[in-house]
Amino acid sequence: MSDVQEATNQLLDVNLCENQMSIQVTESGPRSESEHLQVTIGATVPTGFEQTAADEVREKLGSSCKISKDRGKIYFDISVDSLAQVHCLRSVDNLFVVVQEFKDYHFKETKEEVLKDFEDLAGKLPWSDPLKIWKINTSFKKKKTKRRKINPNSSKQKIDNGRGDTTVEKDVKEFTNSVSDSQILDSYENPAIKEEVSTLIGDDLTSCKDETEENSKEEADPEVLKFRVTCNRAGEKHCFSSNEAARDFGGAVQDYFKWKADMTNFDVEVLLNIHDNEIVVGIALTEESLHRRNITHFGPTTLRSTLAYGMLRLCAPQPTDIIVDPMCGTGAIPIEGATEWSNCYHIAGDNNPLAVNRAANNISSLLTKIQVKEGKLSLGLPIDTIQWDICNLPLRTGSVDIIVTDMPFGKRMGSKKRNWNLYPACLREMSRVCRPGTGRAVLLTQDKKCFAKALSGMGHLWRKVHTVWVNIGGLHAAVYLLKRTPQSFFHPSEQDGERCPW
């Protein structure tokens, strides 16, 4: 692997789950003041998978969970000790600490009165405990960036690419130029990798600064926090816009704390979530969505890791199960599966060689992250990639336990017209390789009419168990959980005469 690729993996490695057990707050830090602090955490999740996220919270944190009326959000109570574990949840996109919730807020009749109430609200909210949680959460991130300085000479050598003693700013600039010129990514992937580098570059610059220099600077010139207010509003009976609510509420927050407003380079993001007559005020704990954890090589239809987790969890994988994604794309589903269900064997296949290459590169990047985390060579992941024809899989009949895949919508990939032939052929081949009686399939598609027609012709082989309605980039899609019937598969040409298994 080249120096540029290694540096890329280091810069993109900001998952708070790494070295979780070593994340501790000293007794002199914020934790000693909030040792027994209990707070409510809000999380955004893929729409339709709220119950899946709630189940994960109960299993991993032991906390009861409430699903919001506003789709795509859940709430649960934790102690400060569990804050690092919250960042390790696989089903949540973004996290925030709840300042206060108003379940039945009374809006005044005129816009002026409503906005005036928002201004008055800022000074009445219980900000103290949520801000303590925000500070502790920020200290986690600082410890993560400082931990990269364990061997600064070797890290600098990789980023410098052998140029010797040069400034950090120059090194980073040269690094971003190298990434943009790299031939590793195709035209679909370049914008995504640039965005990730631009997002993470500030944290890595901070990690390269001398700690004592930072402390002396903070003592000499205490920095005023920068903030912004983000308003998410849903409902038709409001007489105000989200921009107006954010503007007036944000102005009152600025007057109350004497913070400096900054829409892009902010320290604190205050959230004002309004759904009909319900209001939740919170403080964001994530700078970017937690679903951006596995994929570094993007394609035109890359699936979110959080959605991939929800799809996998639907089929309840058991140890030693063979799980196949026959249309893997960038490999989001099998990579998430190999990470969370490492006692299963995962196969990622696609008919497009570019897609197979992206999936292989994403697996390689993840292995590099694991090696950096553990400080030793990784034993690998239980996953393989292969190029194949979805309608003629090189797998034995009845050899697969679970099939999980994101089928072509007919929008960015394929076409609606082609799906009328593709979907029946796919379901037929899936029924062949899937184990009769116990096999399961979880299939995502937006072309629901075409899928329903294809499934109706496979009723003797597949039984629909459950449907989850989801929102994919503004498209109303569905995730279907299918159960393989006990009936053996027969080749269509054997319908007449002697019928023999495939």
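Seven strands make up an open sheet of mixed pairing, ordered β11-β10-β9-β12-β13-β15-β14. At its edges stand β11 (383-387) and β14 (462-472), each of which pairs on one side only. From one strand to the next, the twist averages 15°. The model is a predicted one.

Look inside this sheet at β13 (residues 440-445) and β15 (residues 475-484). They run antiparallel, and six bridges join them. Leu444 stands opposite Val479 in β15. Helix α14 (residues 353-374) packs on the sheet and touches β10 and β11. The direction of α14 makes about 165° with that of β11. Helix α13 (residues 332-340) lies across β9 (322-325), β10 (345-350), β11 and β12 (402-406). Helix α13 runs at about 170° to β10.

Now step back to the whole chain. It has 16 helices and 15 strands. Of its 502 residues, 50% are buried. Take the contacts with a separation of 6 or more: residues 24 or more positions apart account for 77% of them. The exposed area is about 24,400 Å², and carbon and sulfur atoms supply 49% of that.

There is also an open sheet of eight strands. Its order is β2-β3-β1-β4-β8-β7-β5-β6, again with mixed pairing. β2 and β6 (260-261) are the edges; each has a single partner strand, so one side of each lacks a neighbour in the sheet. In general, strands of a sheet pair through backbone hydrogen bonds, in either the parallel or the antiparallel sense.

Start at the β2 edge. Strand β2 (residues 65-67) pairs with β3 in the antiparallel sense over three bridges. Cys65 has Phe76 as its bridge partner in β3. The two strands form a hairpin, with five residues between them. In the turn, Gly72 has a positive phi of about 90°.

Strand β3 (residues 73-79) is mostly covered, with six of its seven residues buried. On to strand β1 (residues 38-44), which pairs with β3 in the antiparallel sense over seven bridges. Here Val39 has Ile78 as its bridge partner in β3. β1 also runs antiparallel to β4, joined by four bridges. Gly42 stands opposite Phe96 in β4. From β4 the path leads to β8, again antiparallel, over six bridges. Glu101 stands opposite Val280 in β8.

At the other edge the sense changes to parallel: strand β5 (residues 226-234) and β6 pair that way over two bridges. Phe227 has Ala261 as its bridge partner in β6. Helix α11 packs on the sheet, touching β5, β6, β7 (268-275) and β8 (278-284). The direction of α11 makes about 145° with that of β5.

Cys231 is found in strand β5. Is Cys231 buried or exposed? Its relative accessibility is 11%, so Cys231 counts as buried, the cut-off being under 20%. Beyond its neighbours within four places in sequence, Cys231 is in contact with Ser242, Ala245, Ala246, Leu272 and Ile274. The C-alpha atoms of Cys231 and Val270 are separated by 8.6 Å, though the two residues are 39 apart along the chain.

What fills the interior? The largest nonpolar core has 57 residues. Ile41, Phe76, Phe118, Trp127, Phe249, Ile279 and Val281 touch the most other members. Helix α11 (residues 242-257) gives the largest share of this core, six residues. Another core, of 30 residues, lies apart from it; Cys450, Met458, Leu461 and Ala478 are among its members.

Ile41 deserves a closer look. Not counting residues up to four places away in sequence, Ile41 touches partners including Ile74, Tyr75, Phe76 and Ile78. Its list of contacts also includes Leu95, Phe96, Val97 and Val98, as well as Val86 and Leu285.

The last stop is a loop. Ser91 has its place between α4 (83-86) and β4 (94-102). Its relative accessibility is 3%, so Ser91 counts as buried. Which side chain does the side chain of Ser91 meet in a polar contact? That of Glu56, at 2.4 Å. Setting aside residues up to four places away in sequence, Ser91 touches Val45, Pro46, Ala53, Glu56, Thr306 and Tyr309.

Technical notes
Residues are numbered from 1 along each chain as its sequence is written. This is a predicted model: local features need pLDDT of at least 70, side-chain atom pairs count only at pLDDT 80 or more; totals for chains, interfaces and linings use all residues. Side-chain values use heavy atoms; hydrogens and water are left out. Buried means under 20% relative accessible area, exposed over 50%, partly exposed in between (1.4 Å probe, protein chains only). Two strands pair if DSSP finds at least two bridges between them. A polar contact is a pair of N or O atoms within 3.5 Å; within protein, one must be able to donate a hydrogen and the other to accept it, and residues adjacent in sequence count only if both atoms are side-chain atoms. Contact means heavy atoms within 4.5 Å. A nonpolar core is a set of buried Ala, Val, Leu, Ile, Met, Phe, Trp, Tyr and Cys residues joined through side-chain atoms within 4.5 Å. Accessible areas come from the Shrake-Rupley method with a 1.4 Å probe; for residues, only the protein chains shown count as cover. Axes are lines fitted to C-alpha atoms, for helices over the stretch in contact, and angles run from 0 to 180 degrees between N-to-C directions.
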